Amino acid sequence: MEYEFTKEDLKEIEKIKAKYPEVMPATLPVLWVAQNRFGHVEPEVQRLVAKTLGLPEAHVHGVATFYTQYYKEKKGKYVLDVCTCLSCQLCGGYDILEHLEKTLGIKKGETTQDGKFTLNEVECLGACGYAPMLQITNDKYINNLTVEKTDKLIDMLKKDEEPEYEEIEMPLRKVK
Amino acid sequence: MSSADWKNYEPVLIPNVKDIHKIDVYIKNGGYSALKSVLTDKKKWADSKSVVDEVKAANIRGRGGAGFNAGLKWSFMPPADGGPRYLACNGDESEPGTFKDRKIFEYNPHVFIEGALIAAYAMQITTIYVYIRGEYLAYIKMMEKAIQDAYDKGMIGKNIFGSDYSVDFHVTYGAGAYICGEETSMLESLEGKRGYPRVKPPFPAQKGLWGRPTTINNIETLAHVPSVINRGAGWFSSIGAENHPGPILYGISGHVNRPGVYELPSGIPILDLIHDVAGGMKNGKKLKAVIPGGSSTPVLRADQLEGITMDSESLRTAGTMLGTAGMVVMDEDTDMVDMLWRITHFYHHESCGQCTPCREGTGWLEKIMLKIKNGNGEVKDLDLLLDITTQMEGRTICALADAAAWPVRHTITRFRDEFEARCKKSAHAVV
């Protein structure tokens, strides 16, 4: 498949380049632009990023493979990144992961046959006080998960209803 | 104010003001007056060095985990030579147990922006980058808006407050890599590369971003700067513990009734934080262990906590560190073998692979811990683990190997019975 950036993408890329004194620093942000456009950064997309920035393909490939949030292969429509690290482990993160494996009928790292869900186990997402939690496709955090809340989330996503951003106040903060 | 008075503490970093995240509300409540003061009040602030001196005197110990005096760090920048100089603000926040800087991004972004601008002026810096972990998409968007608003109000840009000082401020972000919280790894990532930490020296103040003088500060560290400028170094250093003064954003997670982020003075007794601030242990369980400041800081048994306060001196006496003040609380049902295995898995996953002792060492730590966790361990494996930690610590470019070694060494040492029990059972089964 031929991948191409749209005119808006290219405008965005010019804006990104203007932030830095050199081109190379645009590598990470432009990989993000590419992933947001195509849903992944497969080798063909990495080549497009390299060509667009005038950087070696090997460099872009090296960067894409170093960072976990870039999808080096096609994923499901909703990527569920379940945190099981330390605080999430202590608060039942593995129970949520196992429950999702059972519910979706896949193992972690796999995608459902209909291409709707990919399930991953991930490292600390910086939401330790709201454990266990998961992140949906590099975007929203769903916190304080229970089996019931997880089931509700899956039902919503099956209907392509996206959950809201969850604001969690600081417990002692009494706003006047 | 003393740490014992914490119930009467009025927050300053994230004050109890509705909508303080909006620039108009922030300004109405005295926001950006510290920046205006350092740029225009020549009687009070004769030059940029006077700002560095004030911050140095306040002794804001770096809130990213290393605890180094921020003003002292600023003073390492060489004299301006007319070329570019950079401030890289570290919002990578990835140490398990740590989730505090996101509260600044969400609830008071301008106090951080103002602090960064003052820092930049103090060091005669020409460009500021804030590097936020890629997973924090919601907070990245909030920061992009806050910085645009500050540009629109003339707080960032050319000739701020009519002074001859100009600076640019950009948001940049990662894409999933714990190591990018290490300051030189963050610089590599900002330069668009794999996040491999750099060999020091040269230190970033000499050769940082694109070979130019660069200072790296944590978000919370910078957010303390405006109040130091407004209220003076003496005010800041009189709050909390003398050796580690000022307010701290404590992140409390694990088996407590009210986990979350709390802004309180440094030096609060750990037991008060757990039993009063965080609402006590969940389900009435007994306290078993605490990791005081992120996964790399050595765990303490419940019987080691009496009289220990959240500041570097007291925690050092107890055999651990303040780190990021991201405290993880564990109840009596916690399996320390499983817990430690998960930490070893984390560091193995996050080792960048550059240095052999870390790349191989973290792998062996995880492999042997998995063996023990699965009931196939022998007691001699525990000593092998301890031996590996001594071969990792201090032998690598950055501190990730140390961060991986400490929890293994101290969890095994402090919960040896539990680890031996798991091993012995399996040894019996094998026979």
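Two residues are in contact if their C-beta atoms, placed from the backbone, lie within 7 Å. The structure is a predicted model, in which local features need pLDDT of at least 70 and side-chain atom pairs count only at pLDDT 80 or more, while totals for chains, interfaces and linings use all residues. Residues are numbered from 1 along each chain as its sequence is written, and chains are lettered from A and ligands numbered from 1 in the order in which they are written.

**Exercise 1.** Describe the side of chain A that touches chain B.

*Solution.* Begin with the contacts: 41 residues of chain A meet 55 residues of chain B. Next, identify the elements, where helices (H or I, at least four residues) and strands (E, at least two) are DSSP runs, numbered from the N terminus. Those of chain A that give two or more residues to this side are α2 (27–38), α4 (57–66) and α5 (87–90). The largest share, 4 residues, comes from α2(A). Finally, sort the residues of this side by type: 24 are nonpolar, 10 polar and 7 charged. Here Ala, Val, Leu, Ile, Met, Phe, Trp, Tyr, Cys and Pro count as nonpolar, Asp, Glu, Lys and Arg as charged, and the others, Gly among them, as polar.

**Exercise 2.** Compare the span of helix α16 of chain B with its expected span, and locate its buried and exposed residues.

*Solution.* The expected span of a helix is 1.5 Å times one less than its number of residues. Helix α16(B), residues 379–392, has 14 residues and should therefore span 20 Å; its end C-alpha atoms are 21 Å apart, which agrees. A residue is buried if 20 or more other C-beta atoms lie within 10 Å of its own, exposed if 12 or fewer, and partly exposed in between, with C-beta atoms placed from the backbone. In α16(B), the buried residues are B:Leu382, B:Leu385, B:Ile388, B:Thr389 and B:Met392. Seen down the helix axis, they fall within an arc of 120° (taken from the directions from the axis to the C-beta atoms), so they line one face of α16(B). The face turned away from the buried side carries the exposed residues B:Lys380, B:Asp383, B:Asp387 and B:Thr390. After the helix comes B:Gly394, with a positive phi near 75°.

**Exercise 3.** State against which elements the buried residues of α7(B) pack.

*Solution.* First, list the buried residues of α7(B): B:Leu137, B:Tyr139, B:Ile140, B:Met143, B:Ala146, B:Ile147 and B:Ala150. Then name their partners in chain B: α1 (23–28), α5 (101–107), α6 (109–122), β2 (127–132) and β3 (168–173).
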